[in-house]
Amino acid sequence: MERYLTVTALTKYIKYKFDHDHHLDEVLLEGEISNFKHNSRGHFYFTLKDENAQISATMFVSYSSKVTFVPHDGMKVFVKGNVSVYEPSGTYQINVKELKSDGLGDLYLKFEQLKKELDGLGYFKIEHKKPLPRFPKIIGVITSPTGAAIRDIINTIGRRYSFCKVILYPAIVQGDDAKLDIVKQIKKANDDNLCDVLIVGRGGGSIEDLWAFNEKIVAQAIYDSNIPIVSAVGHEIDFTIADFVSDKRAATPTAAAEIVTPDINTLKQNVNYYVDAMTKRINYIFNELKMRLVNIDKRIDNNNPLNTLKHKNEILKAYISALNNNIYRILSDKKHNYSMLKQHLDSLNPLAIMEKGYSINSINGEIITDVKRVKKGDILKTQMKNGFLVSQVIEVNENGR
């Protein structure tokens with residue numbers, strides 16, 4: 001006759017097997033937390049999963065009270081405990097005795113939290129970004145003095161733009177002291193006030209190696225800097241808080257050196273281009289002015305005051321000649337009229353008849369025209385053509401008597 005077991009009996013048997021299997025007595029697992037619950041008594045209940053499976057996990061308060069961080073969904077953790085069967089549900093679970101966070105997961109969480117905080121404060125806004133100088137004279141570099149980054153930066157600057165000077169502010173860029181040293185050198189560069197731009201960074205590495213550039217005090221020092229800063233941390237795929245706060249992010253230290261310097265060859269090409277363009281423009285303007293000058297010369301020749309004066313002088317000479325002719329004509333007419341009047345006057349001049357032997361007699365200045373006005377003994381003045389005679393009347397003979 002077949003014997004049937006109860007579910008409870010089967011479950012107890014399975015639990016017995018689990019509890020007495022030394023392979024399940026101490027199990028080390030890694031996975032991601034989901035459905036995390038922290039009940040009022042202090043126990044942790046969650047599911048530990050990976051890409052293909054999951055297991056229920058319980059951590060009683062005697063163990064959970066020793067955890068130094070706050071677990072949350074999505075966190076990657078390491079757990080140690082024993083696997084057993086929970087009889088009421090007939091499911092197996094791990095009873096967690098130790099819970100450790102995956103350091104990388106914690107760092108990503110801290111990164112996202114600080115990024116969100118600074119973004120909310122406006123540290124990443126474009127209006128806070130300072131412009132980079134086009135032609136820097138002095139470039140400051142804050143990095144390790146022995147790393148590959150400083151060599152790459154110096155070589156790139158020397159190749160592209162050897163006119164400028166590079167000042168190295170040596171800093172520890174990895175480890176617990178790195179954040180303080182980086183902040184110290186940023187402040188020193190600002191106090192020195194020698195550099196036109198700063199490159200802050202290092203070569204590639206793990207997120208732990210680069211973590212100093214994800215610290216809040218480093219982000220604050222970059223934000224407070226009066227000198228524009230280009231971040232150059234790690235490789236192209238690496239992003240740090242410093243990249244978001246800085247005025248410009250470069251994928252690599254070499255790229256940072258290229259960003260802060262113009263290419264001398266490109267500058268030469270640009271200069272030659274502008275010189276050619278300027279020469280053409282100057283020649284065009286020169287020819288334009290030359291044509292204007294020619295036209296002005298023509299207008300000046302046409303409106304030359306000397307020519308005008310010469311023309312006016314010719315007109316004046318013509319007027320003078322006409323005036324002289326008129327004067328000569330008038331004088332001739334006047335002279336002719338004078339001659340005519342003179343002849344007429346001469347013909348009327350009583351003295352003119354003296355030329356014919358006539359004379360004029362007067363007594364006491366009164367011309368005698370009637371013999372009756374003369375008496376014997378009068379003094380008589382006789383005017384002749386070339387003089388006069390004075391005589392005394394001896395006899396008066398009237399009417400020929």
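Mentor: Let's begin with a rule: two strands pair if DSSP finds at least two bridges between them. Strands are DSSP runs (E, at least two residues) and helices are H or I runs of at least four, both numbered from the N terminus. The model is predicted, with local features needing pLDDT of at least 70 and side-chain atom pairs 80 or more, while totals for chains, interfaces and linings use all residues. Residues count from 1 along each chain as its sequence is written, and side-chain values use heavy atoms, without hydrogens or water.

Trainee: How do you know that E2 pairs with strand E3 (residues 54–59)?

Mentor: Six bridges join E2 to E3, and the two run antiparallel. The rule asks for at least two bridges, so six qualify as pairing. Phenylalanine 44 stands opposite methionine 59 in E3, and four residues lie between E2 and E3 in their hairpin.

Trainee: What joins strand E1 (residues 27–38) to strand E2 (residues 44–49)?

Mentor: Five bridges do, again antiparallel. Glutamate 32 faces lysine 49 in E2. The E1–E2 hairpin has five residues between its strands, and glycine 42 in the turn has a positive phi of about 100°.

Trainee: What makes strand E9 (residues 229–233) mostly covered?

Mentor: Buried means under 20% relative accessible area, exposed over 50%, and partly exposed in between (1.4 Å probe, protein chains only). Five of the five residues of E9 are buried. Ile229, Ser231 and Val233 point one way, Val230 and Ala232 the other.

Trainee: How do you know that E9 and strand E10 (residues 248–249) pair?

Mentor: They share two bridges in the parallel sense, so the cut-off of at least two is just met. Valine 230 has lysine 248 in E10 as its bridge partner. On E9's pairing with strand E8 (residues 197–202), there are five bridges, also parallel.

Trainee: Why is leucine 10 called partly exposed?

Mentor: Its relative accessibility is 42%, which lies between the two cut-offs, so partly exposed is the right label. Leucine 10 sits in helix H1 (residues 7–19).

Trainee: What about the sheet with the order E12-E11-E13-E14: why are some strands called edges?

Mentor: That open sheet has four strands with antiparallel pairing. Strand E12 (366–367) and strand E14 (387–392) each have a single partner strand, so one side of each is left without a neighbour in the sheet. Inside the order, strand E11 (residues 360–363) and strand E13 (residues 379–384) pair over three bridges, with serine 362 opposite lysine 381 in E13.
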